[in-house]
Structures are given as structure tokens and as C-alpha cells.
Amino acid sequence: MDPRLVPEAENRLAAFNDERASIVDQVSRRVIDAHVSQAKLSTEHSLEYVLNEVAFSEMRRLEGGGRQTKQFLRWHDLAHKLGSMSEFEKHRELSSIVRFHAQDIAGNFNPKVYRFAKDVLPPALSFLLNPISGFREGVKALGSMAAQIRIEGELEAVRACCSRGTLVLTPTHSSNLDSIVLGFALQRSLLPPVTYGAGKNLFSNSFMSYFMHNLGAYRVDRRLGFSLYKEVLKEYSTVLLERGYHSLFFPGGTRARSNMVETKLKLGLLGTTATAMVNSLKAGDSKRRIYVVPVTINYRLVLEAETLIEDYLAETGKARYIIEDDEFSRLGKIFEFARKTLAHEGAAVVRFGRPLDPCGNEVDDAGESMDAQGRRVAPDGYVRDCEAEVTSDAQRDSVYTRMLGHKLAAAYHRDTLLMSTHLVARAALEVARARTGIRDILRLMRLSESALALPLSELCEAVDKLRAVILANPAHGIVQDSLVPMSARSIVDQAIHFFSTYHTKQTLYRSGEHVRIGSMKLLYYYQNRTAHIQYGKERAQ
């Protein structure tokens, strides 16, 4: 790998602020021009229709705060004026809305803050994360983040792709700490910083907001449901990719509240990879490629587990897309979690998967696309017509994006690292189901948790069987390497120890030769990491 790769990539993002105004203008012009062109072709896409959807969507969102607020009245007035507005006035209103949101979305990158985060924060966090007393021991811990956050996977292939194109990292999403953990992993892997979308609610934490605001994060307001906002957001992503900015998307959208490995992916931003590829080819840039890199971020314990699983199980939680009051919103809670859980070696593991091209083909170690038979193919051939001309075709590109989504979902399962907390939680739930005859999790939760005493011998047997099932089928995931030679009893003891380090309720605890369930909800949350494994049926056979 060229040692100059990372400095050059850093310089690319360091130039972002100089290009910011140009990026906002390009995004705005594309979105506005597209709507003006569509309005000329069909009344169904008239500017009045577009503006009407914006106005009524915003009125629905804001009416809960009262119909006399300034914001509500602004959209109420627009809705009533639309019928009498001239085309020039509608165009001006459309331009104002688009440019406002493009400006609001656009991120910022401060090289000084990046250098501070890169050089100062890792050793400082290592000092913080070690639950030890004494300054001398703390100094020895500086730099030990490499042991606490492990990095694995197809790093050489990812670096090769980075040297010849633009990376789009697509991680699983369990915690609001993901961006921080992944940022550290990129630095340790000699990979460049990336731009990424962060929900506006995350900026409520002033400490985290400062770093996100200055390290390339662009703001995503998930409260806004109108189509025009999503178009601006997608165009912003497309322009960044065309200009060679490495990016990060969470295809699962928000955090996985159930802790299940994501399978139903949101393809909106992911689809901008194909669009950016086509636009770049049309502009004559056929050398710089776009690579999509699946990444799994694996935690032994999750900071927000208690809030997330409560929200997942609650009926009202099904409609609550944005959580603003979880553990991540309290800085002291983050530090407590870090000291008690991330201090342990291998508490978080980041795995980089095999890169893919925007059409869903895997790439080899040299960054060349390969078809299903392992033959090298040129991705631009997928977007050329019979006369070898590059063409824009939204329907065609959506098919490629769906194929890419399927490949990512399979990679997430294959590259998910299963730790002792996941294995023991799944085994304990299976034993509890077998002993009670109840498979429905909601019915199990109604039982007295203290009454569920699991014989240690049965639990160990279940752990052994589950581990064997996973090791026999690589598509199920990866058993953490340290657990492969361990006895089932040692795995159970390790999991119980880690469960006792952070959560307010013990998930599992020992009682003589039995293991008792202290929190069925947390047990369900951690076992869900293995939910894609048909272990119960295989075990029954």
C-alpha cells in the first residue's frame, strides 16, 4: 500500500470547506432543474403539486405543536396561496426550499479538529476506558484502544480499492457509538476519513455534536417526510461521490432496535452509488471507480440496549422512529459504559467485508469486478446501451441497487461476529422455551423471571450445540476465535461476567448449579444477534 494514500485522502476531505458552496449550488441546481423539466412534461409533476406535498407534509408534522406557531402558519399560508401563484413565484418558492435544505444538510470538515481527534482522543479514551486506579497504570494504558476495538476482515482488498476509487462504507448499526468506533477503525487501518449522514437528533449531545459537526457529518432530518427533501439528500450524496469523497451509509437506516442483523435495507442512499457511477462515466471519468464495502460493527454489550429493546417491544415504539432520550444523550452514561465494558479486550470488533461494485459484483484484491463465475467484468458495461453509450435508466439502476442490497444483507450475516453474550443468551432462551413449552417471547416475559432457573448442564449442552451449528455453516456468522477452543462452561461464565458489568439489571446470574434469568428483555435482545440461525429447528431434529 502506498504510504501517501492516507495523507492524500485526508487532504481531499480537508478541501471540503473550499468546495462546500459549490457542492450546495450543484445539488440545488440539479434538483430544481429536474423538477422544472418534469413540470413541462406532465401536470402530475407540476411545481404546484410538489409544493403542495411539502406544505401538507410539514403541516401534519407541526400541528402537534399548535396551529398558531410561526412554522405551521408559514406552510399553511403557502398551501392556500399556491392556486393563485404564478409559475415564476412557484419556481422561486421551490428554489428557496431546495437551497435551504441543501445548505442545512451540507457538512463541515475542520482539519485541526480531525488531527486532534486522530492524535489525542485515542490515547485519551484508552486512559478513560481502563477501569483502573492510579496514574501510572493509566499511562501504561495509553494506546490500548487497539486491543479494546479489534479490526478484522478484507483490509488489503479495501485498501486496494481505496487507492483507485471512492469507498462507500455500509456498516451495520447497533449503537450511536458506531460512528466513533468506525472512525477509530479507519484510522488504525490506514484508511481515510469519510463523510456520513447523522440524524439531527444526535446533535443534541453538545460534546458529540462538536466532533460530528467538524468531522464531515452531514445532517439528516428524519422528521421530514416529503419527497423533495429526500431528493435533495440523495443528490447531495450523489455529488459527493462524483467528486471523490469517501462516504458512509447505514443501509439499515436507524439503529437495529431488536439487535437482529439487518436484512431489510433502505436502498435510497445506496442507490446513489449507481447514479454517481453513471454520471461520472457520462462526464468522461472512467478511471475512478466506486466501491461499496460491507462492514459489521460487533459489540459484546450495547450502550443503549435497555432503551432499544423496550422501544422495540412496546406497541407505541413501533411508530417512534427517532429516540432522543436514550443512553447516548447522556455523556456520563457513555463514559460509564466505556469504562465498564469497552475496557475489556475485544469488547468491540469491526470487520471489513469483501468490497462490491455498485451493481452488486464482488471485486478481487486488485479492485476488479468479478461476475458470479469469478470472471473479471467491467462495471461500466452494465450501464451502456447496444451502441456502447452510457445511459441513464432509473428502473435499471434500481434493479442493480436491489441486487447490491441482497449482497450486503448476506455479507452482514456472514461477517457478524458472535460473542459469548450472544451465544449464551440464545442458548438460555432455547433452554427456557424447552422447559416451559412456551416459544412466544411475550408470553415468556409474563413469567416470573426469578422462577426461570436453568440447569447449568443443560445450558452448557445448548451452547455446545449452537456453537457447532455456526461453525458448520459460515453463512451463519463467525464464532469469536477465543471461544472456539473454550469449554461451554467457560463461555457461560464469561458471558455472565460481562452481563454483570454494565446493565442496571443482570441479564443472567448464577445460582449454584443453575443459571437464572434476571432480565428476559435483555436476554431476548442479545439472543437476537443469532435470530437468523435456525438453531431451534435444527436442535429439535
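A residue is termed partly exposed when its relative accessible area falls between the limit for buried residues, under 20%, and that for exposed residues, over 50%. In the predicted model described here, Leu190 meets this description, because its relative accessible area is 47%. Leu190 belongs to the loop between helix 11 (178-188) and strand 3 (195-199). Its phi is near 60°, a positive value in a residue other than glycine. Ala388 likewise has a positive phi, near 65°, and is not a glycine. This residue is found in the loop between strand 10 and helix 17, and with a relative accessible area of 46% it is partly exposed.

The protein chain comprises 541 residues, of which 54% are buried. Its secondary structure consists of 23 helices and 15 strands. Among contacts between residues at least 6 apart in sequence, 75% join residues at least 24 apart. The accessible surface of the chain comes to about 23,800 Å², and carbon and sulfur atoms account for 52% of this area.

The largest nonpolar core contains 82 residues; Leu169, Leu182, Phe352, Val492, Leu508, Met520 and Tyr526 are the members that touch the most others in it. Residues of this core are contributed by both domain 2 (108-414) and domain 3 (417-540), so the core lies between the two domains. Another core, of 64 residues, lies apart from it and includes Ile97, Ala117, Leu215 and Phe226. The surroundings of Leu508 illustrate the packing in the largest core. When residues up to four places away in sequence are not counted, Leu508 touches Val424, Ala428, Ile496, Phe499, Val515, Arg516, Ile517, Gly518 and Leu523.

Helix 14 (residues 272-282) is largely enclosed by the rest of the structure, because 8 of its 11 residues are buried. The buried positions are Thr272, Thr273, Ala274, Ala276, Met277, Val278, Ser280 and Leu281. These residues pack against strand 2 (165-171), helix 13, strand 6 (289-299) and helix 17. Just after helix 14, Gly284 takes a positive phi of about 95°.

Aromatic side chains provide further links. A pair of aromatic rings is described by the distance of the centres and the angle of the planes. The structure holds 6 aromatic pairs. In one of these, Phe16 and Tyr245 are arranged edge-to-face, with 5.7 Å from centre to centre and 80° between the planes. This pair links distant parts of the chain, since Phe16 is in helix 2 (residues 16-41) and Tyr245 is in the loop between helix 13 (227-242) and strand 5 (247-248), 229 residues apart. Phe16 and Tyr245 are both buried.

Tyr382 and Tyr400 also form an edge-to-face pair, for which the centres are 5.7 Å apart and the angle between the planes is 80°. Tyr382 lies in the loop between strand 10 (376-377) and helix 17 (394-415), whereas Tyr400 lies in helix 17, so this pair ties together parts that are 18 residues apart in sequence. Tyr382 is partly exposed, with a relative accessible area of 26%, while Tyr400 is buried at 14%. In addition, ring pairs join Phe499, Tyr525 and Tyr526 into a cluster. Two members of this cluster appear in the description of the largest core given above: Phe499 is touched by Leu508, and Tyr526 is one of the residues that touch the most other core members.

Charged groups are also placed over aromatic rings. Arg74 lies over the face of Trp75, at 4.0 Å from the ring centre. The charged end of Arg300 sits over the ring of Phe498, and its distance from the centre of that ring is 4.0 Å.

A further arginine, Arg159, lies in helix 10 (residues 155-164). Arg159 is buried, because its relative accessible area of 13% is under the 20% limit. Although Arg159 and Ala366 are 207 residues apart along the chain, their C-alpha atoms are separated by 9.5 Å.

Notes
Residues numbered from 1 in each chain as written. Predicted model: local features only at pLDDT ≥ 70, side-chain atom pairs only at ≥ 80, totals over all residues. Heavy atoms only, no water. Core = buried A, V, L, I, M, F, W, Y, C linked by side-chain atoms within 4.5 Å. Buried < 20%, exposed > 50% of the residue type's maximum accessible area, 1.4 Å probe, protein only. Domains from an automatic or database assignment. Contact = heavy atoms within 4.5 Å. Phe/Tyr/Trp six-rings, centres within 6.5 Å; stacked < 30°, edge-to-face > 60°. Helix = DSSP H or I, 4+ residues; strand = E, 2+ residues; numbered from the N terminus. Lys NZ or Arg CZ within 6 Å of the ring centre and 35° of its normal. Areas by Shrake-Rupley, 256 points an atom, 1.4 Å probe, with all protein chains shown as cover.
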